Amino acid sequence: MTLVYMKTVLDKAYKNGYAVGAFNVINMEFLEAIITAARKSASPVILNIAEVHLPFVTLDNIVPAIKAVAGRERFDIVLNLDHGLTIPTIEKAISLGFTSIMFDGSHLDFDENIRQTREVVKLCRPWNITVEAELGAVGGAEGGELIGKADPAKYTDINQAKQFVNETGIDALAVAIGNSHGKYKGEPDLDFDRLKAIRDVTGIPLVLHGGSGISAADFKRAISLGIAKINFFTGMSEAAMKATADYMITAGQRYNDYPMMMNRVREQVARVVSEQMDIFGSCGKAAADLTETKPV
Ligand SMILES: [Zn+2]
């Protein structure tokens with residue numbers, strides 16, 4: 001297998017009523033954990049690398065590792081630039097063989113978000129690379145604030161969503177409907193009526209960022225209303241922290257226990273990813289042979 005375009009994976013999920021998880025890769029342990037979970041579940045998977053995580057993970061090193069993994073596995077693997085913020089980073093991702101780019105212009109005003117998103121679509125089209133963009137503003141910040149709170153004034157506007165999709169030609173739209181990055185303050189309260197209306201006017205796969213902390217029931221309802229991709233990172237990071245802390249208590253200062261601790265992190269992150277794949281309904285949906293692939 002080679003890396004797969006995100007549009008191929010999302011269109012299939014959208015049509016068949018499940019969502020594909022997009023899990024952030026920050027190092028080899030996370031990559032291996034995510035891949036182990038996807039293999040066990042025979043699930044397609046989206047590997048996210050966020051621009052804000054670039055101080056922690058080196059693209060030139062991790063992308064060849066991801067391509068090696070994709071070459072061996074029998075399920076669909078997408079490599080997505082998560083929250084691309086700058087054109088140089090987007091161009092770098094394109095040159096490295098990413099099969100999807102998420103451009104985050106949510107901080108811009110509406111017209112400027114359209115203009116810059118169109119630029120990104122123009123860069124990606126010649127390579128058939130999928131483009132996801134965001135309209136409205138998801139609460140919190142990717143890799144930023146610890147506690148995210150969604151602001152109803154920044155929820156995705158339904159009429160703007162229609163215009164935005166028509167004028168940019170994007171393949172997937174990240175919506176703000178009460179979802180938030182980081183940990184939720186109180187219970188997440190998603191605006192399902194708005195989600196349904198956005199689905200009805202756009203007709204393209206929708207994306208839910210800030211997946212950690214949303215209940216299984218809410219995920220399922222969101223998926224039934226057009227969500228085909230769910231971004232998930234905080235829950236993995238928490239599991240890794242807890243595995244590390246728990247292991248430190250038992251290991252104390254034994255210098256040679258570090259590799260064992262890494263294994264615990266891998267196991268716990270894989271467990272969390274498997275649980276999410278189960279909730280998202282993507283297990284058993286790998287069907288790698290049916291999808292369009294790209295040489296890497
Ligand atoms: Zn996000």
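**Exercise 1. Determine in which helix Q116 lies, and work out its accessibility class and its contacts.**

Solution. Q116 lies in helix α5 of this predicted model. The next step is accessibility: the relative accessible area of Q116 is 23%, and because buried requires a value under 20% and exposed a value over 50%, Q116 is classed as partly exposed. Once residues up to four places away in sequence are set aside, Q116 touches F103 and L108. As a last step, consider the pair Q116 and M236, which are separated by 120 residues in sequence and by 31 Å in space, taken from C-alpha to C-alpha.

**Exercise 2. Describe how helix α5 packs against helix α6, giving the angle, the distance between the axes and the residues that meet.**

Solution. Two packed helices are described by the angle between their axes and by the distance between those axes. For α5, residues 110–124, and α6, residues 158–168, the angle is about 30° and the axes are 9 Å apart. Because angles under 35 degrees count as roughly parallel, α5 is roughly parallel to α6. The handedness comes next, and here α5 passes α6 in a right-handed crossing. On the α5 side the contact is made by F110, N113, I114, T117, R118 and V121, which meet Q160, Q163, F164, E167 and T168 of α6. Sorted by class, this contact of α5 with α6 has four nonpolar, five polar and two charged residues.

**Exercise 3. State how many salt bridges a search of the whole structure finds, and analyse the pairs K12 with D76, D60 with K92 and R125 with D171.**

Solution. The search of the whole structure finds 16 salt bridges.

*Step 1, K12 and D76.* The closest N and O atoms of this salt bridge are 3.9 Å apart, which lies within the 4 Å cut-off. K12 belongs to helix α1, residues 6–16, whereas D76 is in the loop between α3 and β3, so the pair ties together parts that are 64 residues apart in sequence. D76 has a relative accessible area of 1% and is therefore buried.

*Step 2, D60 and K92.* In this salt bridge the closest N and O atoms are 2.9 Å apart. Since D60 lies in helix α3 and K92 in helix α4, residues 87–96, the pair ties together parts that are 32 residues apart in sequence. Partly exposed is the class of D60, at 43% relative accessible area, and also that of K92, at 32%.

*Step 3, R125 and D171.* Here the closest N and O atoms are 3.4 Å apart. The pair links distant parts of the chain, with R125 in the loop between α5 and β5 and D171 in the loop between α6 and β7, 46 residues apart. R125 is partly exposed, with a relative accessible area of 34%, while D171, at 10% relative accessibility, counts as buried.

*Step 4, shared partners.* Salt bridges that have partners in common join K196, R199 and D200 into one network.

**Exercise 4. Decide whether S282 is buried or exposed, and list the residues in contact with S282.**

Solution. S282 is located in the segment after α10, the helix of residues 258–280. Its relative accessibility is 0%, so S282 counts as buried. With neighbours within four places in sequence left aside, the residues in contact with S282 are Y18, A19, A42, S43, P44 and M277.

Key. Residues are numbered from 1 along each chain as its sequence is written. This is a predicted model: local features need pLDDT of at least 70, side-chain atom pairs count only at pLDDT 80 or more; totals for chains, interfaces and linings use all residues. Side-chain values use heavy atoms; hydrogens and water are left out. Axes are lines fitted to C-alpha atoms, for helices over the stretch in contact, and angles run from 0 to 180 degrees between N-to-C directions. Helices (H or I, at least four residues) and strands (E, at least two) are DSSP runs, numbered from the N terminus. Angles under 35 degrees count as roughly parallel, over 145 as roughly antiparallel, 65 to 115 as roughly perpendicular and the rest as oblique. A crossing is left-handed if the near helix is turned anticlockwise from the far one by less than a right angle, and right-handed if clockwise. Contact means heavy atoms within 4.5 Å. Ala, Val, Leu, Ile, Met, Phe, Trp, Tyr, Cys and Pro count as nonpolar, Asp, Glu, Lys and Arg as charged, and the others, Gly among them, as polar. A salt bridge is a side-chain nitrogen of Lys or Arg within 4 Å of a carboxyl oxygen of Asp or Glu. Buried means under 20% relative accessible area, exposed over 50%, partly exposed in between (1.4 Å probe, protein chains only).
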